[in-house]
Amino acid sequence: MGFTQEKIKDFYLLSTDVENIFLNEYMPAAPGDYVKVFLYGLLYSKNQGEMTNIQLAKHLQMTEKQVEEAWDYWEQLGIVSK
């Protein structure tokens with residue numbers, strides 16, 4: 001007898017792990033909108049979802065320029081690579 005777990009097709013029902021170093025070291029000093037961009041990007045990157053900066057901006061009610069500035073911020077800290 002084998003056990004299997006059904007794959008959840010809607011990744012919105014899953015969880016996204018955030019490393020404690022992000023929460024303790026980076027998040028407190030980061031602008032709130034930049035944190036939103038990072039977390040939303042993490043959600044899609046962990047679940048093979050595709051999201052453009054335009055779509056991200058729309059979902060987060062931001063401008064595309066604000067999203068790009070957020071990614072620049074995280075890249076300067078060495079957290080992401082564009």
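**Notebook: helix packing and a pocket**

I started with H2 and helix H3 (residues 53-60), which pack at an angle of about 120 degrees with their axes 11 Å apart. Note to self: this is a predicted model.

What do I call that arrangement of H2 and H3? They're oblique to each other, because 65 to 115 degrees would count as roughly perpendicular and over 145 as roughly antiparallel. I also looked up the handedness: H2 passes H3 in a right-handed crossing. From H2, the contact uses Lys36, Val37 and Tyr40, and from H3 it uses Leu56, His59 and Leu60. I sorted the residues of this contact into 4 nonpolar, 1 polar and 1 charged.

Next I checked H3 against helix H4 (residues 64-76). Their axes come within 8 Å and cross at roughly 105 degrees. H3 and H4 are therefore roughly perpendicular to each other. Which residues meet here? On the H3 side I found Asn53, Ile54, Leu56 and Ala57, and on the H4 side Glu64, Val67, Glu68 and Trp71. The split for this contact is 5 nonpolar, 1 polar and 2 charged. Leu56 is in my list for the H2 contact and again in the one for H4.

Last stop was the largest pocket. How much space lies in it? I noted about 180 Å³. Its lining is made by Asp17, Val18, Glu19, Ile21, Phe22, Tyr26, Phe38, Leu42, Lys46 and Ile79. Helix H1 (20-26) and helix H2 (32-46) are the elements that give two or more residues to this lining. By type, I wrote down 7 nonpolar, no polar and 3 charged for the pocket lining.

Conventions:
Residues numbered from 1 in each chain as written. Predicted model: local features only at pLDDT ≥ 70, side-chain atom pairs only at ≥ 80, totals over all residues. Heavy atoms only, no water. 1 Å grid on protein atoms, 1.4 Å probe; cavity = no way out; pocket = protein on both sides within 12 Å on 5 of 7 lines; lining within 4 Å. Points joined across faces, edges and corners; volume = space filled by probe spheres on them. Helix = DSSP H or I, 4+ residues; strand = E, 2+ residues; numbered from the N terminus. Nonpolar A, V, L, I, M, F, W, Y, C, P; charged D, E, K, R; others polar. Axes fitted to C-alpha atoms, helices over the stretch in contact; angles between N-to-C directions. Parallel < 35°, antiparallel > 145°, perpendicular 65-115°, else oblique. Left-handed = near helix turned anticlockwise from the far one by under 90°. Contact = heavy atoms within 4.5 Å.
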